[in-house]
Each structure stands twice: as C-alpha cells, then as structure tokens.
Amino acid sequence: MNIKKENFFDNLLMAFQHVLVMNAYIVPVVIASSLNLSNENSSNLIQSTFLVSGIATLLQSIIFMKNPVIYGAFFVTVGSIIGIYSSNNKNPLGTIIFAEIVASIFMVIFGISKSYTKISKKFLTPIVSSTIVLSIGVALVVMGVNQIIDIENNGLEKNILISIFTFSLFIFFSILGGKNLKISKFFSITSAILAVSISILVFRNFFEIDFTNFNNSKIISIPKLAFLDYKLNFDLSSIFTMIIIYAVVLTENTGTWIMTENATNLKIKDSQYNKGIIGSGVVNIISAIFGSTAISAFSSNVGIISISKMFSDKIFKYAGIILILIGFSSKLSSLIAIIPSPIISGIFLAIASVVAESGIEMFKNIEIKGNKIYVVAIPIMLSIFLNIIPLDILNSFPKILQYIFSSSIATSAIFAILLDKIIK
C-alpha cells in the first residue's frame, strides 16, 4: 500500500510527523477557553480529543474505510457547541453529548443504507471532485495565513518571519527527500520534525514557553467518560443542529477521501465509502461518550502523503496508537500543545500549498467548456471569502447558514455540486 519500502522506524517517524502537524489540541483548547472550563475539565477535554482521534484513526484504518487518513476534532462544531452551551443553562454538556450521539446514529444508518454511493456517482463528477480538492487546498492556505496573523504573541512581523523560516525549512528538506541521494530517505521521513526542531532552536529566545501545565500534569491519567458525569438531556433543536453539523462532517470527509485517492492513486471502492460513513458514525458515538467533539478526516495530512509518497497502512496504525498514548497522558498532550504556534503554522502552510497543487494537477485531463468555468471559480472564491469574512458578519446570518458557512470546504463542495447540475 505504498510506493516505497519502509521499515518499522521509517513508518514510526512518519506517523509521528502526521501527529505533529495535525494540531489536534486546537479545537479542545478553543472550546475550553470559550466555555471557561476548569483546568481539570480543560485537561480532560484535550486528553479525550487525542484519545478519540487515535481510536478513530485506528478503527477507520483497520476495520472501516481502510484508507491512509488521519482523523481528529472538527473545528466546525465549535460554534454549535458554544451556542448550545450558552442557551441551555440546566444541563448544557448533557444536551450536547446526547445530540452528538443521535446525529452519529443517523450517520451510521446512512452508511448502512448504502445510499451514499448512489448519490456520489450522480453528483461527484470529475470536474466537481477536482474543484473540491482545489477548494480544500486554497481554503487550507488561507487558514494557514490566518493562523499566522491571529497569533497574539511576539508581534506580527516576528511571527511571519518564524513561519516563513519554518515553511522554507520544511520545503527544503522535502525537496531533498525527493532527490535520488543516499540521505534522501532520511529527509523524506523527518522533514517536519527537522523543520520544527531547528526553528525552535533558532528562535528559542523569541518565545516564553509556559511549562506550568506540563510540570503539573501526570504521566499517566485516564480520561473521564463524560456520559457518566453528565445526565443526558433531550433537546430537539440541539439534535437538529448536530444533524446538520454532522452532514457537513460527511461532506468534509468526502473531500478528504477524494484527495487521498488522488495522492495515492488507490481507487476507493463503493463498499469503502459506505463502510467509511458507518465508521464515521461509530467513532463519533465514541467521541460523544468521552465528551469530545465531532471527528473528521484531516485534509491537511494528505499533504504529507503527497510530499513523502509514503502511505503504508502501518503508518496510520502507528499514528493512531501514538494519539491514544497521548490521550492517556496529560503530560504528553501538554507537551504537544506548547510547540510555538508560528512554527506549527509554517508547517501547516507548506502542507496546504501542496494540497492546492494536487487540486491543480487533477484538472490536467478535464476539458472545461463555456460557463462550466463557474463550477470551478465560484467554489474557489467561496473557499477564500468564507475564511476572511469577519466572524461578527458570519454570526449575523441565520443559524442554519452559520453552520453551513462555518466550513468553507463543505460550502465549496455543495456549491460545486449544485453549479455542475445547474450549468450545462
């Protein structure tokens, strides 16, 4: 399942690189700070997110989708979780968990029905699939730039300098990894690790890294089962909200699966899509039980596959195991979280650029005639616009539009499908 022969050490290093660049801690950190959770609950949320991400990656790799993809917390759910929490004073967490479980069950039923493959064959034409991948790449690039701009410490100029330096190092090592040299293999499997390590050493005086949480955390700590601590609460509007959100999750997953197929040249069978959706439902039920958020395929990690050309199934099994180990150690999860943001953003931006290039490559064998150009142009415009529009403007939209537009990738996919059917 790969084009290069790797040994255990190679696969382990690649797995660690996938974990390093996925920013698994960001979603729980944002939620914890927005809801003013206690230190204990915040730590548990971060741990649970790592744990569930690992379980999801393993289950999808071994049992369900069986495709080289990393799974983690989906940022689109942040707004809905904060909204439900703010509007439900009696038992907000119990309401959120129950709504997530119900929405996940709907996802499982949808996968079992095998309706997805019929829908995908009808709507995911070559121009739509290529547009979705390119829109994902463009959206990720804009997200990467936004991450750099939004970092509060050090000042914008320094953050840009650090990110560009890390970006350049990663690209440099990746290029060396693609050369036919004796040391190329080493650079191919360590490009992200080397870029992060060197950047930390070079700019160590720029950061004031806070080791408080790391020093106070335990080496071994068991995440709580949230449904045992919070009585489940039925709320129809919250359930409806989560069903919409999880439909967006499926759209996001579809885009990532298409990208993976393009990056690996491994044709995804209809049965894999159906099993992947069932798996998505199962892992999101598990995520809800642990009090975590919706879990989705990580499109940014496909960039690592495109660069390294390494996608052995063992890599993703190891990545799942690493995420689970981190999930059982608050010390490890806090260690990952203290890597300076400008450095991670530099790596993210490099990977996003590769994803965008993959989308461009997919158009080489597609003939676009007349007004069909708008099937490509409008979704790409949306993928940019929705990532730069101020949040206060987005929040002024009706709730259902907020949930849809909160994912530029899902919105671009929906518009690509609609436009392809409307424009002849």
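## Helix 12 against helix 13

In which handedness of crossing does helix 12 pass helix 13? The crossing is right-handed. Please keep in mind as you read on that this is a predicted model.

Two packed helices are described by the angle between their axes and the distance between the axes. For helix 12 (residues 236-264) and helix 13 (residues 270-289), the angle is about 130 degrees and the axes lie 11 Å apart. An angle over 145 degrees would count as roughly antiparallel, and with about 130 degrees helix 12 and helix 13 are therefore oblique to each other.

If you would like to find this contact in the viewer, look on helix 12 for Tyr246, Leu250, Asn253, Trp257, Ile258 and Glu261. Their partners on helix 13 are Tyr273, Gly276, Ile277, Ser280 and Asn284. Sorted by class, the contact of helix 12 with helix 13 holds 6 nonpolar residues, 4 polar and 1 charged.

## Glu261 and its salt bridge

Glu261 belongs to the helix 12 side of that contact, and its side chain also meets the side chain of Lys267 in a salt bridge, at 3.9 Å from N to O. The cut-off for a salt bridge is 4 Å, and this pair is within it at 3.9 Å.

Are the two partners buried or exposed? Glu261 has a relative accessibility of 18%, so it counts as buried. Lys267 has 67%, so Lys267 counts as exposed.

## Helix 8 against helix 17

Next comes the pairing of helix 8 (residues 156-177) with helix 17 (residues 341-361), whose axes are 7 Å apart and pack at an angle of about 50 degrees. Because of that angle, helix 8 is oblique to helix 17. Helix 8 passes helix 17 in a right-handed crossing.

On the helix 8 side, the contact uses Asn159, Ile162, Ser163, Thr166, Phe167, Phe170 and Ile171. Helix 17 contributes Pro342, Ile343, Ser345, Gly346, Ile347, Leu349, Ala350, Ile351 and Ser353. The contact of helix 8 with helix 17 has 10 nonpolar and 6 polar residues, and no charged ones.

Leu161 also lies in helix 8. With 45% relative accessibility, Leu161 counts as partly exposed. How far apart in space are Leu161 and Pro342, C-alpha to C-alpha? The answer is 8.7 Å, although 181 residues separate them in sequence.

## Helix 7 against helix 21

The axes of helix 7 (residues 126-150) and helix 21 come within 9 Å and cross at roughly 155 degrees. Angles over 145 degrees count as roughly antiparallel, and helix 7 and helix 21 are therefore roughly antiparallel to each other. Their crossing is right-handed.

From helix 7, the contact includes Ile127, Val128, Thr131, Ile132, Ser135, Ile136, Ala139 and Met143. From helix 21 come Ser408, Ile409, Ser412, Ala413, Ala416, Ile417 and Asp420. Grouped by class, the contact of helix 7 with helix 21 has 10 nonpolar, 4 polar and 1 charged residues.

## Asp420 and Lys372

Asp420, one of the helix 21 residues in contact with helix 7, forms a salt bridge with Lys372, and the closest N and O atoms are 2.7 Å apart. Where in the chain do these partners sit? Lys372 is in the loop between helix 17 and helix 18 (373-388), while Asp420 is in helix 21 (residues 408-422). The pair links distant parts of the chain, 48 residues apart. Asp420 has a relative accessible area of 8% and is buried.

## A salt bridge within helix 15

How many salt bridges does a search of the whole structure find? There are 5. Among them is the pair Lys317 and Asp313, whose side chains meet at 3.7 Å, N to O.

Lys317 and Asp313 are 4 residues apart in helix 15 (residues 313-327), so about one helical turn separates them. Lys317 has a relative accessible area of 27% and is partly exposed, and Asp313, at 29%, counts as partly exposed too.

## Ile380 in helix 18

Ile380 has its place in helix 18, and at 18% relative accessibility it counts as buried. Which residues does Ile380 contact, leaving aside its neighbours within four places in sequence? They are Leu134, Ser135 and Val138. Ser135 is also part of the helix 7 contact with helix 21. By contrast, the C-alpha atoms of Ile380 and Ser306 are separated by 21 Å, with the two positions 74 residues apart along the chain.

Definitions and conventions:
Residues are numbered from 1 along each chain as its sequence is written. This is a predicted model: local features need pLDDT of at least 70, side-chain atom pairs count only at pLDDT 80 or more; totals for chains, interfaces and linings use all residues. Side-chain values use heavy atoms; hydrogens and water are left out. Axes are lines fitted to C-alpha atoms, for helices over the stretch in contact, and angles run from 0 to 180 degrees between N-to-C directions. Helices (H or I, at least four residues) and strands (E, at least two) are DSSP runs, numbered from the N terminus. Angles under 35 degrees count as roughly parallel, over 145 as roughly antiparallel, 65 to 115 as roughly perpendicular and the rest as oblique. A crossing is left-handed if the near helix is turned anticlockwise from the far one by less than a right angle, and right-handed if clockwise. Contact means heavy atoms within 4.5 Å. Ala, Val, Leu, Ile, Met, Phe, Trp, Tyr, Cys and Pro count as nonpolar, Asp, Glu, Lys and Arg as charged, and the others, Gly among them, as polar. Buried means under 20% relative accessible area, exposed over 50%, partly exposed in between (1.4 Å probe, protein chains only).
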